[in-house]
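Hi,

Here is the structure I promised to pass on. Have a look at it first, and then read my notes below.

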Amino acid sequence: MRNVDVFCVFPRAVEAAVRVGVVGRAIERGLVSLRCFDLHRYSPDGRIDDMPYGGGPGMVVRVDVVARALEEVYGVRAREVREERRVVLTEAWGRVMDQRYVDEVAAGPDLTIICGRYGGVDERVRTELATETVSLGDFVLSGGEIVAAALADAAIRRIEGVLGNRESLRGESFSSEGLLGPPQYTRPAVWEGVGVPEVLLSGDHGRIRAWREEQSRLRAARRP
Ligand SMILES: C[S@@+](CC[C@H](N)C(=O)[O-])C[C@H]1O[C@@H](n2cnc3c(N)ncnc32)[C@H](O)[C@@H]1O
């Protein structure tokens, strides 16, 4: 994956969250691309939602608007986009994102994320246009923009060259089975009477490594 496209109602929200820090610099350097499209631009009448068939509260994002957006951006039939790209639809009940999924996305084809809003998205977006559904967790957000930003950030930082020092990926939470990132400390060495573990000040790299491994295991075992 080198290119990430997001289709949503609030593109600036995604841009603001992703174009910062290391990921923002990677985009500026052209290592990866991020484009965020406003679905309103692709509606023939300016409306991207309509009332649900069968009645009920909450408007539904229209499949024809999403399809037209995909067609205009990619220049192929909307159904064909998923033959070339991973097309992710954000859904509260979708596959819950974890590091394994993020790594799969980073190593896979270019990414398109379609964000829902309002009462949800016409089911035909899922069945006809998307390759998969993804969730940030078992709770309901107002829209998929936060999910898109989370997935884009997490996947882009796994791309070779994005982090100055790839070493920092090793030992990170979820990078190896049964381990979480160890506790970290920095100056001051004592803050309000609470000191840093002595081993970290010892300069003994073997002991420090062993302590960190042990802490990573403990943290995983005691995870709430
Ligand atoms: C208010 S929610 C709609 C919830 C929908 N009626 C349901 O019962 O699942 C609007 C949109 O936000 C997005 N969304 C909300 N929570 C999410 C989550 N936890 N993960 C991924 N997307 C979410 C989805 O795109 C959803 O269509």
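**What I found**

Let me start with helix H1, on the side where Arg12 and Ala16 are exposed. Please keep in mind throughout that this is a predicted model.

Which residues of H1 are buried? In this helix, which runs over residues 11–18, they are Pro11, Val14 and Val18. These three sit on the same side of H1, because they cover an arc of only 65° around the axis. The general rule behind such a pattern is that an α-helix has 3.6 residues a turn, so residues three or four places apart point the same way. As for their surroundings, the buried residues of H1 pack against two strands, E1 (3–8) and E2 (33–38), and against two helices, H2 (21–28) and H7 (145–156).

H7 turns up again in a helix pair that you may like to view on screen. Its partner there is H5 (residues 99–107), and the two axes come within 8 Å and cross at roughly 70°. With 65 to 115 degrees counting as roughly perpendicular, H5 and H7 are therefore roughly perpendicular to each other. Which residues make the contact? On the H5 side they are Tyr101, Val102, Val105 and Ala106, and on the H7 side Leu151, Ala154 and Ala155. Sorted by class, this contact of H5 with H7 has seven nonpolar residues, with no polar and no charged ones.

Further along the chain, the loop between H7 and strand E8 (190–191) holds Gln184. Is Gln184 buried or exposed? Its relative accessibility is 62%, and exposed means over 50%, so Gln184 counts as exposed. Another residue to find from there is Arg212: the C-alpha atoms of Gln184 and Arg212 are 9.2 Å apart in space, while the two residues are 28 apart in sequence.

Now for the chain as a whole. It has eight helices and nine strands, and 40% of its 224 residues count as buried. Its C-alpha atoms fill a box of roughly 65 × 40 × 30 Å along the principal axes. Among contacts with a separation of 6 or more, 72% are between residues 24 or more positions apart.

Finally, the record: an unreviewed UniProt entry gives the annotation "domain: tRNA methyltransferase TRMD/TRM10-type" for residues 4–222. In the model, that span is 35% helix and 17% strand, and its end C-alpha atoms lie 36 Å apart.

Best wishes

How values were computed
Residues numbered from 1 in each chain as written. Predicted model: local features only at pLDDT ≥ 70, side-chain atom pairs only at ≥ 80, totals over all residues. Heavy atoms only, no water. Buried < 20%, exposed > 50% of the residue type's maximum accessible area, 1.4 Å probe, protein only. Helix = DSSP H or I, 4+ residues; strand = E, 2+ residues; numbered from the N terminus. Arc of directions from axis to C-beta. Contact = heavy atoms within 4.5 Å. UniProt positions renumbered as here; feature names shortened; annotations may be inferred. Axes fitted to C-alpha atoms, helices over the stretch in contact; angles between N-to-C directions. Parallel < 35°, antiparallel > 145°, perpendicular 65-115°, else oblique. Nonpolar A, V, L, I, M, F, W, Y, C, P; charged D, E, K, R; others polar.
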